[in-house]
Amino acid sequence: MDTAGADSTATEGLTQINRPNRSARRRAESNDGELLNAEFSVEADGEAFSLIIESAGGKIVGSALPRNSDYVPLLEVLLARLRELDATIVAAEVISSNAAKLPVGERRLVHSPIAMSSISDVRQLRLDLTRTQGRVGLPPSSKKEGNGRKRVLLRITVANYGPEDADQLATDLSRSAVTLATEHLSIGETDGHAQVRIRREQSRLRRILCGSGETGICALCGHEFPTGLLVAAHIKKRRNCTPNERRDLSNVAMLACTFGCDALYEDGWVSVDHTGRILIANKAVATPAVRDRLASLAGIVCDAHKPSSEPYFAWHRATVFRSRP
Ligand SMILES: [Zn+2]
């Protein structure tokens, strides 16, 4: 009844996706940059997107690996990347051919929208989703766990990705932070979408700097924060960077906390000297609250300082820092 093999025939004719699946199936990289053996696709659905994860199980002729054997790791990296992109899961349901015969309520996997930024434990969410889908199609009295690797559809919304960006979203979801860091961005400053591109670049930078962790370290104060309280701060102001400097993602930016460090750096109250130590501005002109904060930062070693980022810090010292050397 509930075999993965039956799932593989499910594509069209379902009430929830009553249109052909036009988008190409993709594979994603694990966080270590290895290609996972599992397929997904993204297609625009009005202002939202349908993220479809193909079912696992069953042999493929000519292949040593069972079909989509990395279903679970794929679902987990996709959820983690959706969180990095501040996505919302509006709805989720099983869309296997067996499930299509069930009333909508019985194939549903989530009952209210999930703002991914509110999820502290992605693995737990993944477990909830796989366990819930295991029960889909089973009688309530059944003791079986059921198949937790069915074909599922997540309906998602992602800020800064419009209906024409389905391919880009699929690409961004497929890439590990490792790959993003080495990849050149195409930044078209002259087109009308510059703001959107900049915001997207910011979220990519944050992914590069935070990786897939739930917390990160502020490069200035050295304290650990949840990633939502960290931003990718440009060491050299973005608008002053050449296109090549902007693409130098692993050197031109650092993580800074929104607890003050980002703003103090941006506004020139702190900078970093050529040895990597934090410099503080002449305190006489600051208010007591700023003075206290500056005193706590003086002399700390900034872990974003390295030979390859020093030119950007040098620019900041000479241009933005309030006590220019
Ligand atoms: Zn900080």
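This report walks through a predicted model of one chain, from its overall make-up to a sheet and then to a single tyrosine.

**The chain as a whole**

Let's start with the big picture. The chain has 325 residues, and 38% of them are buried. Its secondary structure adds up to twelve helices and twelve strands. What about contacts along the sequence? If you take the contacts between residues at least 6 apart, 66% of them join residues at least 24 apart.

**A six-stranded sheet**

Now look for the open sheet built from six strands, in the order S1-S2-S3-S6-S4-S5, with antiparallel pairing. Its edges are strand S1 (26-29) and strand S5 (114-115), each of which pairs on one side only. Helix H2 (residues 71-84) packs on this sheet and touches S1, S2, S3 and S6. The direction of H2 makes about 50 degrees with that of S2.

As for how such sheets hold together, strands pair through backbone hydrogen bonds, either parallel or antiparallel.

**Strand S3 and its two partners**

Strand S3 (residues 48-53) is a handy place to zoom in. How much of S3 is buried? Five of its six residues are, so to speak, under cover: the strand is mostly covered. S3 pairs with S2 and with S6, and here is how the two pairings look:

| Pair | Sense | Bridges | Opposite residues |
|---|---|---|---|
| S2 (residues 35-45) and S3 | antiparallel | six bridges | Asp45 and Ala48 |
| S3 and S6 (residues 152-157) | antiparallel | five bridges | Ser50 and Arg155 |

S2 and S3 also form a hairpin, with two residues between the strands. In that hairpin, Gly46 takes a positive phi near 65 degrees. Asp45 stands opposite Ala48 of S3. On the S6 side, Ser50 has Arg155 as its bridge partner.

**A closer look at Tyr265**

Let's move on to a helix. Tyr265 sits in helix H10 (residues 261-266). Is Tyr265 buried or exposed? It counts as buried, because 25 C-beta neighbours lie inside 10 Å, and the cut-off for being buried is 20 or more.

Which residues does Tyr265 contact, apart from its neighbours within four places in sequence? They are Leu220, Ala233, Ala256 and Val270. You can also find Ile235 in this part of the model: Tyr265 and Ile235 are 30 residues apart along the chain, and their C-alpha atoms are separated by 8.5 Å.

Methods: Residues numbered from 1 in each chain as written. Predicted model: local features only at pLDDT ≥ 70, side-chain atom pairs only at ≥ 80, totals over all residues. Helix = DSSP H or I, 4+ residues; strand = E, 2+ residues; numbered from the N terminus. Buried ≥ 20, exposed ≤ 12 C-beta atoms within 10 Å, placed from the backbone. Contact = placed C-beta atoms within 7 Å. Pairing = 2+ DSSP bridges. Axes fitted to C-alpha atoms, helices over the stretch in contact; angles between N-to-C directions.
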